[in-house]
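Here are my notes for a first look. Please keep the viewer open and follow the points in order.

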Amino acid sequence: MTAVHARRHRRRRPLDPHGAGRPVRRPAALAAGTLAGALTLALLGGAAAAERPADRAADRSGTSRDQAAADAGGRVPQTSDGVVGPIAEPVAPGARTAARVTNESGFRVGPGLTYRRWEQTDARGKIRAHLLRADLGRDGLAVDYVGSDLVASLTKVKAMVRGDRGVAGVNGDFFDISDTGAPVGVGVKDGVTLHGPAQPLGWNISFVVRADGVPVIKRSPTQTTITARPGLRVTNVNGPHVIEQGIGLYTPIWGRAPGYRVLEGAPRDNVRQVVVRDGRVVSNTRTVWTDRAVEGRLLLGRGEGAERLRQELPVGTRTSVVLGTTDAPRVAISGDAELLRDGALVTNDDRELHPRTAVGVDEDTGDVLLLVVDGRQSFSRGYTQVETARLLRSLGAEDALNLDGGGSSTMVARKASGRLGVLNSPSDGYQRPVANGLAFGYAPAG
């Protein structure tokens, strides 16, 4: 576990739009750390925080990116497994009531790190929630990206956390569940960029630990430089697909050469592979390697990207391929939707119910919150994105990001016995192997 610590920092609270410039104040129950009290006050957006215009728009519209996609004749899956979730019953703003919280329990995982579990019932039904809260100002406590040894492979969350000598964690990014297993978004571990799209392709809103140790939610796209060829733009690094007209970069950490599976059926006369090794282009062909060890840097082009590779990187060209990420963070992991920004709801998706995994940042303390809400089970209906955002806000987060959900949603932590255990109820009935995750652990003394 890498020693990535957050300096305790304070930022000015967002202003209450209904209070003539007065800061929004957190209710006493929240300030005192009483979970049940905070949830009872405002889980569905009542008194715990002032409703922002975005919140009210979410109440009115009840629409989502899924609905917009459906209206356009398509659909955007909300989880890697692509399961269509049940549609939540609409709740009129005036009909929202406080949730009834029961069966609250928890334990101290380690210094600065706690776990809480509770059940609650509201107008839409029952859910069970799980929360890891980490005070990253505590000496030794760190947060890290965890994953398999190779980008294009899957591992269970408990094995990933244990392999990183962590004590708790959750699943992370969405991934190509039906083919390569590779994550869709950005991944950075120990300051090393592992995978991700370049700007402005999207899917690069990430939970980030900056170089100064402060956790934030921000865009953090990959940036790849091909020396002496500034006009060549790499669009994807170790990604499950090379976009149309784009150039994908694959490194040894991907695994075996991906071949045509990442080229999305592009005609074989419209693709190009370039291999850069030891500072030179050693190969430039229309033949694409399949199931062969990646040595050096492997560039795959489609359409215009293929033509640019053919013209600008002939065999023998002296060049190198350097990959990195905007602002050079220590840790980064992506999600599909920003939920909160400065305490206001960003999402208006209040339709599909799913098991959820999300990460939040308490800007006042620098604490990191990892949340899992069980779903697809009789005792827990799952949550919409709007509900997930409101819950995280009621728990103290100002910024939050939706991670992969559905059958991927998994939380593990070290129990009193000292052994890692699964704390939630994965909807598949067992841990699903996933692409990556976030883990807390303690750096060795000295």
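1. Which backbone nitrogen lies 2.5 Å from a polar atom of the side chain of Asp173? It belongs to Gly185. Keep in mind that this is a predicted model.

2. Stay with Asp173. This residue sits in the loop between β5 (166-171) and β6 (187-189). Is Asp173 buried or exposed? Its relative accessible area is 1%, and buried means under 20%, so Asp173 counts as buried.

3. Now look at what surrounds Asp173. Leaving aside neighbours within four places in sequence, its contacts include Pro183, Val184, Gly185 and Val186. Trp203, Ile333, Ser334 and Gly335 are also among them. Asp404 and Asn436 are in contact with Asp173 too.

4. Turn to the nonpolar cores. The largest one has 31 residues. Those with the most contacts inside it are Leu113, Leu132, Phe207, Val359, Leu370, Leu438 and Phe440. A second, separate core has 20 residues, including Leu340, Leu345, Tyr383 and Ala400.

5. Leu438 deserves its own view. Leaving aside neighbours within four places in sequence, Leu438 is in contact with Phe207, Val359 and Leu370, among others. Its contacts also include Val143, Asp144 and Val146. Ala168, Gly169 and Val170 are further members of that list, as are Val331 and Ile333.

6. Next, strand β22, residues 356-361. Six of its six residues are buried. Both faces are covered. Arg356, Ala358 and Gly360 are on one side; Thr357, Val359 and Val361 are on the other.

7. Which strands pair with β22? One is β23, residues 368-373, in the antiparallel sense over six bridges. Another is β24, residues 399-402, also antiparallel, over four bridges. Ala358 is a handy marker for both pairings. It stands opposite Leu371 in β23 and opposite Asn402 in β24.

8. Check the turn as well. β22 and β23 form a hairpin, with six residues between them. Gly366 in that turn has a positive phi of about 80°.

9. Finish at helix α7, residues 385-394. How many of its 10 residues are buried? The count is 10 of 10. Charged names do not escape this list: Glu387, Arg390 and Arg393 are among the buried residues. So are Val386, Ala389, Leu391 and Leu392. Just after α7, Gly396 takes a positive phi of about 115°.

Conventions:
Residues are numbered from 1 along each chain as its sequence is written. This is a predicted model: local features need pLDDT of at least 70, side-chain atom pairs count only at pLDDT 80 or more; totals for chains, interfaces and linings use all residues. Side-chain values use heavy atoms; hydrogens and water are left out. Helices (H or I, at least four residues) and strands (E, at least two) are DSSP runs, numbered from the N terminus. Buried means under 20% relative accessible area, exposed over 50%, partly exposed in between (1.4 Å probe, protein chains only). A polar contact is a pair of N or O atoms within 3.5 Å; within protein, one must be able to donate a hydrogen and the other to accept it, and residues adjacent in sequence count only if both atoms are side-chain atoms. Contact means heavy atoms within 4.5 Å. A nonpolar core is a set of buried Ala, Val, Leu, Ile, Met, Phe, Trp, Tyr and Cys residues joined through side-chain atoms within 4.5 Å. Two strands pair if DSSP finds at least two bridges between them.
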